[in-house]
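Grab a pencil and open the viewer. Here's a short set of exercises to work through, each with its solution right underneath.

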Amino acid sequence: DLNGDGLIQQEELRSWLGKDGDPWDEARESGFFSGDGAGEEAQEAAAEEAVQGDGAEVFGRLDLNGDGVIDPAEFEEALTRLDQNSWDDPDRIRLLFKAIDADSDGLLQFQELRAWLSGSGDRWDDARESAAFAENPSLADTGQAAAMEEDDAARAIQVFERLDLNCDGRVDKQEFARALLEHDEDNWNARTIRRLFKAIDTAGKGEIDLRELTEWLVGSGDQWDEARVSPAFSPSSGQPRGMNIYKQGRISDFYEIDSAKVGEGSFGAVHQCTHLVTHVARAVKMILKRKMDQDELKSEIAIMAEMDHPHICRLYEVFEDHNGIHIVLELCLGGHLFDRIVEAESFTERQGAGLMKQIISGVRYMHDHFVC
């Protein structure tokens, strides 16, 4: 149990089985963990698995957050991402989820999916043969190629926003050099930065746009492979210390802000907004200066700017005018946990454990960064 969460995941067991040279070599060779000589019952199970396919790869593709269960939202998102042409009807997806969820607890377990995959002669035979449920699928068959393209595009947008210091939709030589040095000063010098800028600026116009950066990031097999995996071009490198997140100009020059509120607190309202250049959806929290102590607010902003964790809402940039401060954040539309609990009436122990793992993971990250 590598992550100490009290549950053994398939990846953890697989990692342990592949090791050697530690005190557990003899245990790995015992009948229980051996692929052969494990007894008649185990051999029968192995034979059944050979006929049916173990379904582990399919389950792994559908379990997007890796918590060992699949909820309805995950199921719909995964099917749509893997095989949009076959799964474009939400009602059909809900019916299929209900058919697989044998114990009707609102979550798909591995055993339930495996049992359904081995079935036949019902209305879902065509579904079992769709690309989303295929074992060892090719990228072309499953639509994963499209999903990978989406991931590449998301990475490019995140890196481009980091390089585009003045948020004008273009990265000139000065911005490029400053951003690289702020993120990864030890690995960059002026000569290498100039050569890399020229390699990305394929149009030779003295500035890099999002398309050029995207094409360079997905490239490979040239002298820049090591640069592509450096912290400066990593999608999760976050805001480096000292980087100015306060942007010049009005927020309306960079974002289109929806009039409808997606949330409201004691100090201001939250609206959805869309970047005018990259068209990425974000949230903007508008705080009136007269309602909050300025030093306290800016201290909180400085802390948020340092946070880069999947279970902590990310801060991207801040705009300030004479009336208030506009904080651009990661857009989270999942609602409040309390509302989810009230709606569901009860959570299973596994659901509760998964949620607590996410919460505690975020708290531990903050404590590791001396945020208490």
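The exercises below go from the whole chain to one sheet, then to a few single residues.

**Exercise 1. Get your bearings: how many helices and strands does the chain have, and what share of its residues is buried?**

Solution. Keep in mind that this is a predicted model. Step one is the element count: the chain has 17 helices and seven strands. Step two is burial: of the 372 residues, 34% count as buried. Step three looks at contacts between residues at least 6 apart in sequence: 54% of these link residues at least 24 apart.

**Exercise 2. Work out the strand order of the five-stranded open sheet, and name its edge strands.**

Solution. Go pair by pair.

- E3 and E4 (residues 268–275) are antiparallel and joined by six bridges. Glycine 263, for instance, has valine 270 in E4 as its bridge partner.
- E4 and E5 come next, antiparallel with seven bridges. Here cysteine 273 is matched with arginine 282 in E5.
- E5 then pairs with E7, antiparallel again, over six bridges. Isoleucine 287 sits opposite isoleucine 325 of E7.
- E7 also takes E6 as an antiparallel partner, through five bridges. In that pair, phenylalanine 319 is opposite histidine 326 of E7.

Put the pairs together and you get the order E3-E4-E5-E7-E6, with antiparallel pairing. The edges are E3 (255–264) and E6 (315–320), each of which pairs on one side only. On average, neighbouring strands of this sheet are turned by 30° against each other, direction ignored.

**Exercise 3. Find the hairpins E4–E5 and E6–E7: how many residues lie between the strands in each?**

Solution. Between E4 and E5 there are five residues, and histidine 279 in that hairpin has a positive phi near 65°. Between E6 and E7 there are three residues.

**Exercise 4. Which way do the residues of E7 point, and are they buried or exposed?**

Solution. Start from the general pattern: side chains in a regular strand alternate between the two faces of the sheet. Now apply that to E7: Gly324, His326 and Val328 point one way, while Ile325, Ile327 and Leu329 point the other way. Both sets are buried, which fits the tally of six buried residues out of six for this strand.

**Exercise 5. Lysine 289 carries a UniProt annotation. Place this residue and describe its surroundings.**

Solution. First, the record: UniProt lists Lys289 under "binding site", in an unreviewed entry. Second, the location: lysine 289 falls in the loop that runs between strand E5 (281–288) and helix H15 (294–306). Third, exposure: lysine 289 counts as partly exposed because its relative accessibility is 24%, and that class lies between the 20% and 50% cut-offs. Fourth, the neighbours: beyond four places in sequence, lysine 289 contacts Gln294, Glu320, Asp321, His322, Asn323, Gly324 and Ile325. Fifth, a polar detail: the lysine 289 side chain reaches the backbone oxygen of aspartate 321 at 2.8 Å.

**Exercise 6. How many disulfides does a search of the whole structure find? Check cysteine 313 and cysteine 273 along the way.**

Solution. The search finds zero disulfides. For cysteine 313, the nearest cysteine sulfur belongs to cysteine 332 and is 4.2 Å away. A disulfide needs the two sulfurs within 2.5 Å, so this pair doesn't qualify. As for exposure, cysteine 313 is partly exposed because its relative accessibility is 31%. Cysteine 273, by contrast, is buried, with a relative accessible area of 0%.

**Exercise 7. Where does glutamine 111 lie, and what separates its C-alpha from that of glycine 55?**

Solution. Glutamine 111 belongs to helix H7, which covers residues 110–117. At 57% relative accessibility, glutamine 111 counts as exposed, because the class starts over 50%. Now for the distance: glutamine 111 and glycine 55 are 56 residues apart along the chain, and their C-alpha atoms are separated by 9.0 Å.

Methods:
Residues numbered from 1 in each chain as written. Predicted model: local features only at pLDDT ≥ 70, side-chain atom pairs only at ≥ 80, totals over all residues. Heavy atoms only, no water. UniProt positions renumbered as here; feature names shortened; annotations may be inferred. Helix = DSSP H or I, 4+ residues; strand = E, 2+ residues; numbered from the N terminus. Buried < 20%, exposed > 50% of the residue type's maximum accessible area, 1.4 Å probe, protein only. Contact = heavy atoms within 4.5 Å. Polar contact = N/O pair within 3.5 Å; in protein donor to acceptor, adjacent residues only side chain to side chain. Pairing = 2+ DSSP bridges. Axes fitted to C-alpha atoms, helices over the stretch in contact; angles between N-to-C directions.
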